[in-house]
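Open the model in your viewer and get the selection panel ready. We will begin with the whole chain and then step in to a few selections.

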Amino acid sequence: MISVADQPWFADVALQKVLALLNSDGGEGRVVGGAVRNSLLGEPVSDVDIATTLTPDVVTARAMAAGIKAVPTGIDHGTVTLVVEGRPFEVTTLRRDVTTNGRHAQVAFGTDWQADAERRDFTINALYADAQGQVIDLAGGLADVESGTLRFIGEARQRIAEDHLRILRFFRFFAWYGRGRPDAEGLRACAAAKGDLARLSAERVWSEMKKLLTAPDPGRALLWMRQVGVLTAILPETEKWGIDAIPGLIATEEALGWKPDPLLRLAAIVPDDAARLKAMSERLKLSRAESDALKQFAEAPRPAEDLSDMALDRLLYTQGVEGVVARLKLALASARARAQGDVKAMQAAGGYTRLLARAQGFERPAFPLTGGDVISLGIAPGPQVGKLLAELEGEWLKANFALSRETLLARLKERLK
């Protein structure tokens, strides 16, 4: 028997308390999904989800009797979150789908573990661990974990018809856990149903794509998405731009120890045009921070590899660090990808490495003058104050931030004579 009992997360006192609560008086609870899958794959475990034969009201009553906080986070779908020692555990009653419409499902609670397994999306997500840590496989997930196969449970087209988001989940889980080629039946089903992606909310689409782009190497998943038309359906901006920059970016990330950055990877596969990126951000309903990051990237010019330190500093001051750093990272990755036997590309990579190091250590200097300085010299508040400050700031920039406050005040007074 395969077991996860020796895993630190399984031995956690808080989890054992929850399992003891559920596995008494005729009830049963099992860990399900990602925690079991990741343990078998040797991957980190973050969230621990639990399935149970107990209904939500019974779970809540037992928790309250034991002094455990119970939060009805998804009560309509049978989910209660139990908080033990500050740690949340989602506990969901076994279910079967009554009706589905591609986006939402009505469920009925039950006690049949096989039925619960068969309503899940992929075989590797339908693995359970009982209270003793023994792994229970009701859908063939163990073999698929071993072979790196991502496979729908049951008929792929039917599972996608139940929930169109499973198209994107197919490629997201393939990016994280798949090896070789994607499952042929799943690939055909995703291609046939790609038109249904338009029925999904923008938030759900971006959430899945962001998770996919955070995978250690999403390159193969993006390639297959492009080949079957799924990538164009959700990111039409990539149609002419392509995904050729991804392999070089991933190689550079691995070589230089960069953490996976989904926004940088997104920037690598879409046009660096401010208007188009703004429209894309609005369509996908990116957060303000994400939209601003793409805006800074689009508006920042790509620095030449031989740009001087002072010129770079001025660029960082006027454009902002984040957008320039993104430009430099993509330029460095491109140069490194061409560098094999290419002397010019090797030199460019060296130049971008130097510039990137300086940009990442840049601290934006504060302009020495304020509006108050101008007003104190008799200028009334208004546009003239901003105009004078902008002129002097321009001179300060040209002097590489070297002009002192005293010098700037003297020049200001000279202007006001």
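Colour by secondary structure to begin: the protein has 23 helices and 9 strands, where helices (H or I, at least four residues) and strands (E, at least two) are DSSP runs numbered from the N terminus. The radius of gyration is 28 Å, well over the 22 Å that the globule rule gives for 417 residues, so the protein is more spread out than a compact globule. That radius is taken over C-alpha atoms, and the rule is 2.2 Å times the number of residues to the power 0.38. Zoom out and the C-alpha trace spans about 90 × 55 × 40 Å along its principal axes.

A word on what you are viewing: this is a predicted model, in which local features need pLDDT of at least 70 and side-chain atom pairs count only at pLDDT 80 or more, while totals for chains, interfaces and linings use all residues. Residues are numbered from 1 along each chain as its sequence is written, and side-chain values use heavy atoms, with hydrogens and water left out.

Next, select Phe171, Met225 and Leu266. Of the 119 residues in the largest nonpolar core, these touch the most other members. Such a core is a set of buried Ala, Val, Leu, Ile, Met, Phe, Trp, Tyr and Cys residues joined through side-chain atoms within 4.5 Å; buried means under 20% relative accessible area (1.4 Å probe, protein chains only). Helix H19 (residues 321-338) gives the largest share of this core, 9 residues. A second, separate core of 10 residues includes Val32, Trp113, Ala117 and Tyr128.

Now move to helix H18 (residues 309-319) and show Ala311, Leu312, Asp313, Leu315, Leu316 and Tyr317, which are buried. What covers them? Add H19, helix H20 (343-360) and helix H22 (383-398), which are among the covering elements. Just after H18 comes glycine 320, whose phi is positive, near 95°.

Last stop: arginine 62, in helix H4 (residues 56-65). Which side chain of opposite charge is nearest to this residue? Aspartate 25 is, at 4.4 Å, and arginine 62 is buried yet has no salt bridge (a side-chain nitrogen of Lys or Arg within 4 Å of a carboxyl oxygen of Asp or Glu). Draw a distance from the arginine 62 side chain to the backbone oxygen of leucine 21 and you should read 2.9 Å. Leaving aside neighbours within four places in sequence, arginine 62 is in contact (heavy atoms within 4.5 Å) with Leu21, Leu22, Ser24, Asp25, Gly27 and Leu54.

Note on methods. Buried < 20%, exposed > 50% of the residue type's maximum accessible area, 1.4 Å probe, protein only. Lys, Arg positive; Asp, Glu negative; His and termini not counted. Polar contact = N/O pair within 3.5 Å; in protein donor to acceptor, adjacent residues only side chain to side chain.
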